Amino acid sequence: MKILYTTLFSTLLASICLAQPSDIDKKQTNAVRISQSIKIDGSLDEAAWLLAPPTSGFVQNTPDPGKAPSQASEVRVLYDNTAVYIGARLLDSHPDSILLEMTERDNIGNTDWFAVVIDAYRDGNNGVGFGVTASGIQYDTKFSAAAGRGSFGGVLNSGESSWDAVWDSEVKFTPEGWVVEMKIPYSAIRFPNAGEQVWNVNFAREIRRRREVSYWNEVDPNISGYLNQSGEMGGISDIQSPVRLSATPYFSVYAENFYEKNGDPKSSWGRSINGGVDIKYGINDAFTLDMTLIPDFGQVRSDNQVLNLSPFEVRFDENRQFFTEGTELFNKGGLFYSRRVGGRPLHFFDVYDRAGENEEVVDNPGESQLINATKISGRTNGGLGIGIFNAISAEAHATLRNMETGDERQVTTNPLTNYNIVVLDQNLKNNSYVTFTNANVLRNGSDYEANVTGANFSFRDKKQAYAFNGRAVVSQKYFPGEADLGHSFFSGIRKTSGKIQWALNYNQESYDYDPNDLGFIFNANEKSIFGNWSYNKNEPFGKFIEAHVSLDAFYSRLHRPDVFNDLGFGTESWIMTRNRVAFSLSTWMEPVETFDYFEPRTDDFSRYYRSPTSFNIGNFVSTDYRKKLALDGRWNFRKFNEDGRYRLNFNLSPRYRATDRLSFFLYVGSYNFKNDVGYVTTLADGDIIFGRRDNITVENVFNTTYIFSNKMSLSFRLRHYWSKAEYSSLHLLDVDGRLVGTDYNEFSDNSFNAFTVDAVYRWRFAPGSDIFIVWKNNTEHFSDMPEDVQYSYGKGVDRLTDFPQRNSLSLRVIYFLDYLNLKKK
């Protein structure tokens, strides 16, 4: 292995050294300083607009890369001491055909849009984007080195950033097309402290009815990244970063109801009043402090809870705005899973073991109360990004009640805890970088403490054709009198541009590696090699506009003991027609018997399960989203080399746009694991019990949104999830990894039923200021008793009203206070 990677590294260096330098031509434009005021109304009728040179000559990114777009665009840029002004005339020979679906802020629907991308430090790795749809909806995002190829809108909708800046824009239609006017204050942009500013910029536009995306400076889909393909804008001089100080106080009130059909009493009510504040302060022109004091996340969308039969933790999305906004620097090292902060208490499950024989757990909060959280982040003129994150969560307690006497006592489930992250991220030439990350968790009392330190890098050649990536991490857990030390290591080489691309990666995670106090991995104790080869055709051909084919190979072993684990090969093909219907076909095969050391759940990995050979095939279809009715569908079938054992999964996602304001989305999924094999329990004598089971899951999600205006919306989301595990036989896991007979016959079936509703009314009544009215309903029930398990989906639906449910109705008011605006007044 060492010889192999030495050879690969030498080959990469030779490829980079032999590559001929090729400076990509950058278009150039200038902004013009003005002294008169500009009214943001979408008219561009002030004489000052004629002073700025017109910027035009856009180039298609899709569907015909490199060609002129079907409609012309012209952009002009002005600036003064407070802001940059963007004026865009977007010509359209058929303005009555411009698509105008309205959406919530930061979402792009079936509509035309225009955007500007700014990389003020010109590092090709970090930037901001501001966009406006033809229906006047604002969206903004932060770009990082992780942004790949595609369109600006595609990156935004894929959830690259939830950054929410305060800026002005207006849209107006004319007989020649439509006009966008923007005012982007300097408080929304970080830029170098220099007398003369030269920024990397790009302008983008989509003509939705043609699915045509074009950029001012060409963005070649065969080259990885966006920011590295920007043009240049000069002419800006003698500007200063303003005093960036804002506060966003909030006030919220809740009315909550708990209902249990067979409870005594059946219904109980509660209420609460909360208040707190978020503060942003510009320490200097490049660094910003963000702080949240006494945060309230009660209105955050409900998690998608599932029945987890695997040995691994379920990873949930982060929906709390403070942790989704401006955290790209902290996420760069891959060591920050923000759901750990204020998440499940450390001893949440231990409470049930500590309860006495006559005690029951009557209250066990699933989350710790967050007291405060602070972020400091920015980048120096030399390209050094610095990020510091700190948060404190309060003690958490569970309540146990003596069922005979009624006496109650509290048990600490989480100590006072401090979470801290420090990140140093240095930009290098050719959009390369080196990042250092340290994350630590300090706990009050006798509980262990954790520290994780890592470094990762990406080195690219001048032509952006090759990349060498790597990462090394050390994890430490400190217990009284001892410490656990673990490590992980990753290295990989990639060809990142061109029609033919490839990658070869090696990853190692030691037996003791554990970053999960503030990070996330599903499992450690593994070393693996992954290879990929792909062919990408981004130009139209025949009846198609785009096609991709890839081949994958994967091989893994345990780190300790050094034994074989898995081997697999896969293929994937994807193609899109000129009618914007996409198809994909994927396969995966494991041609040899594999050894699962994780499912037996032994601490020393001394036991394993022999998994038979298998073959998987899957397909995905997506129809044209420009139509009122569109459909996504996916299925996959995996057959194991055992009688009656297979997995058949499928889901359908129809979406219907009734009007440009009202839309509906439905997701229906069915997951069928027949004659599946999995862990059941470990007996007191160390015997491990496995079982053959049918694991059937049905999930339905219904979404609808009505947009009153570009500042007011109403959304409704309903999710029902039902899953069962029904065992047909129980077995002893033999020492050779095979299943043999056993006398164990304890009842092991179970089911899980979850029903949630999230209804949100939002009104942005002033810049950065919102009123939210939220209704949440939550019903969850895990069943493992013979009389209680729901063996069919219909039974699961019928039983929903029998289970305890929580309803919450809340009002939250957020008001944005900006120092500069207050000073003017």
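Colleague: Why is the contact between Arg379 and Asp425 called a salt bridge?

Modeller: In this predicted model, the closest N and O atoms of Arg379 and Asp425 are 2.9 Å apart. The cut-off for a side-chain nitrogen of Arg and a carboxyl oxygen of Asp is 4 Å. The distance of 2.9 Å is within that limit, so the pair counts as a salt bridge.

Colleague: What makes this pair a link between separate parts of the chain?

Modeller: Arg379 belongs to strand β18 (residues 370–379), while Asp425 belongs to strand β22 (residues 417–428), so the salt bridge ties together parts that are 46 residues apart in sequence.

Colleague: And are these two residues buried or exposed?

Modeller: Buried means under 20% relative accessible area. Arg379 has 8%, so it is called buried. Asp425 has 0%, so it is buried as well.

Colleague: Which residues are joined into one network by salt bridges that share partners?

Modeller: The network consists of Arg105, Asp106, Asp140, Asp164, Arg762, Arg764 and Asp770. One of the pairs is Arg105 with Asp140, whose closest N and O atoms are 3.0 Å apart. Arg105 sits in the loop between β5 and β6 and Asp140 in strand β8, so this pair ties together parts 35 residues apart in sequence. Arg105 is buried at 14%, and Asp140 is buried at 0%. The search of the whole structure turns up 45 salt bridges.

Colleague: Let's try a wider one. How do you know that Glu360 and Arg401 form a salt bridge?

Modeller: Their closest N and O atoms are 3.9 Å apart. With the cut-off at 4 Å, the pair is within the limit and therefore counts. Glu360 lies in strand β17 and Arg401 in strand β20, so parts 41 residues apart in sequence are tied together.

Colleague: Why are Glu360 and Arg401 called partly exposed?

Modeller: The class "partly exposed" lies between 20% and 50% relative accessible area. Glu360 has 32% and Arg401 has 31%, so both belong in that class.

Colleague: What else joins strands β17 and β20?

Modeller: They run antiparallel and are joined by 4 bridges. Two bridges are enough for a pairing, so the 4 found here qualify. As an example, Asp363 has Thr399 in β20 as its bridge partner. These strands are part of an open sheet of 3 strands, in the order β17-β20-β21, with antiparallel pairing.

Colleague: What makes β17 and β21 edge strands?

Modeller: Each of them, β17 (359–363) and β21 (408–414), pairs on one side only. From one strand to the next, the twist averages 35°.

Colleague: Now back to the charges. Why is Glu101 said to have no salt bridge?

Modeller: The nearest side chain of opposite charge is Arg657, at 4.5 Å. The limit is 4 Å, so that distance fails the test. Glu101 is nonetheless buried, and its place is in the loop between β5 and β6. A polar atom of the Glu101 side chain lies 2.6 Å from the backbone nitrogen of Asn110.

Colleague: Why is strand β7 described as largely enclosed?

Modeller: Strand β7 (residues 127–133) has 7 of its 7 residues buried, so the rest of the structure largely encloses it. Gly127, Gly129, Gly131 and Thr133 are buried on one side, and Val128, Phe130 and Val132 on the other.

Colleague: Which strands pair with β7?

Modeller: Strand β6 (residues 113–119) pairs with β7 over 6 bridges, antiparallel, and Ile118 has Val128 as its bridge partner in β7. Strand β8 (residues 138–143) also pairs with β7 in the antiparallel sense, over 6 bridges, with Val132 opposite Gln138. β7 and β8 form a hairpin with 4 residues between them, and Gly136 in the turn has a positive phi of about 85°.

Colleague: Which residues have the most contacts inside the largest nonpolar core?

Modeller: They are Ile86, Phe114, Phe130, Trp199 and Phe203, in a core of 37 residues. Elements giving two or more residues to this core include β6, β7 and β11 (196–207). Another core, of 16 residues, lies apart from it, and Phe389, Val423, Ala439 and Val441 are among its members.

Note on methods: Residues are numbered from 1 along each chain as its sequence is written. This is a predicted model: local features need pLDDT of at least 70, side-chain atom pairs count only at pLDDT 80 or more; totals for chains, interfaces and linings use all residues. Side-chain values use heavy atoms; hydrogens and water are left out. Axes are lines fitted to C-alpha atoms, for helices over the stretch in contact, and angles run from 0 to 180 degrees between N-to-C directions. Buried means under 20% relative accessible area, exposed over 50%, partly exposed in between (1.4 Å probe, protein chains only). A nonpolar core is a set of buried Ala, Val, Leu, Ile, Met, Phe, Trp, Tyr and Cys residues joined through side-chain atoms within 4.5 Å. Lys and Arg count as positive and Asp and Glu as negative; His and the chain ends are not counted. A polar contact is a pair of N or O atoms within 3.5 Å; within protein, one must be able to donate a hydrogen and the other to accept it, and residues adjacent in sequence count only if both atoms are side-chain atoms.
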